[in-house]
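Please consider the following structure together with its sequence. The account below leads through its strands, its cores and a few individual residues.

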Amino acid sequence: MIRKAKIKDIEAICSLLEEGVSSGKVLKRAMSELRRVITNFFVYEEDNKVIGCCSLEIYNQKLAEIRSLVVTAEYRNKGIGSSLVKRCLDEAKSKNVYRVLSVTDKSNLFERFDFKSEIDEKQAMFIHLKDL
């Protein structure tokens, strides 16, 4: 089940992000920052355990960013990441955001949602954009 994150989820989110940071796939975020932006997070919960998270940072009506997408290792490849991305896109659309981006190497995941990829060769990353 996907739901908006609550303050009580910060430790679980922090653990997930540490897993993502150690694999080099997610940027580190301080606990103080997580407290400040907790309302931007969605969590995927199963059996009362947070097993995935994702953040939608809305910068203005023109642009939002999907970031901090992590699913714990034993639950990957089960559609949880896709469900979290879809929930973020639905949220952006409900808030009348025009465009959503993600900076990631998970091209296949975001292309399933019709994101267009732009390669930043200088930094060796994909910038995915989707107009809503």
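**Strand pairing, cores and selected residues**

Glu65 stands opposite Leu101, a residue of strand E5. The model in which this pairing appears is a predicted one. Strand E5 comprises residues 99–104 and runs parallel to E4, to which three bridges join it. Between these two strands the chain passes through H3, and the resulting β-α-β crossover from E4 to E5 is right-handed.

The nonpolar interior may be taken next. The largest nonpolar core has 21 residues, and those that touch the most other members are Ile66, Ile80, Leu84, Val85, Leu89, Val100 and Phe115. At least two residues of this core come from each of strand E2 (41–46), strand E3 (49–60), strand E4 (63–71), helix H3 (80–94) and helix H4 (107–111). The greatest contribution is that of H3, which gives six residues. Separate from this core is a second one of 15 residues, with Ile10, Ile13, Phe41 and Cys53 among them.

Phe115 also takes part in an aromatic interaction. The structure holds one aromatic pair, and its partners are Phe110 and Phe115. The arrangement is edge-to-face, with 5.1 Å from centre to centre and 85 degrees between the planes. Both partners lie below the 20% limit for burial: Phe110 is buried because its relative accessible area is 2%, and Phe115 is buried because its relative accessible area is 3%.

A polar residue offers a further case of burial. Asp9 is located in the loop that lies between strand E1 (2–4) and helix H1 (10–22). Is this residue buried or exposed? Asp9 has a relative accessibility of 3% and therefore counts as buried. The side chain of Asp9 is joined to that of Arg3 by a polar contact of 2.7 Å. When neighbours within four places in sequence are set aside, the residues in contact with Asp9 are Arg3, Lys4, Val43 and Val50.

Ser94 may be set beside Asp9. Ser94 belongs to helix H3, the helix that gives the most to the largest core. Ser94 nevertheless counts as exposed, because its relative accessibility is 53% and the limit for exposure is over 50%. Along the chain, Ser94 and Ile13 are 81 residues apart, and their C-alpha atoms are separated by 24 Å. Ile13 is one of the residues of the second core.

Methods
Residues are numbered from 1 along each chain as its sequence is written. This is a predicted model: local features need pLDDT of at least 70, side-chain atom pairs count only at pLDDT 80 or more; totals for chains, interfaces and linings use all residues. Side-chain values use heavy atoms; hydrogens and water are left out. Helices (H or I, at least four residues) and strands (E, at least two) are DSSP runs, numbered from the N terminus. Buried means under 20% relative accessible area, exposed over 50%, partly exposed in between (1.4 Å probe, protein chains only). A polar contact is a pair of N or O atoms within 3.5 Å; within protein, one must be able to donate a hydrogen and the other to accept it, and residues adjacent in sequence count only if both atoms are side-chain atoms. Contact means heavy atoms within 4.5 Å. A nonpolar core is a set of buried Ala, Val, Leu, Ile, Met, Phe, Trp, Tyr and Cys residues joined through side-chain atoms within 4.5 Å. Two strands pair if DSSP finds at least two bridges between them. A crossover is right-handed if, with the strands pointing away from the viewer, the path from the first strand over the helix to the second runs clockwise. Rings of Phe, Tyr and Trp (its six-membered ring) pair if their centres lie within 6.5 Å; planes under 30 degrees apart count as stacked, over 60 as edge-to-face and the rest as tilted.
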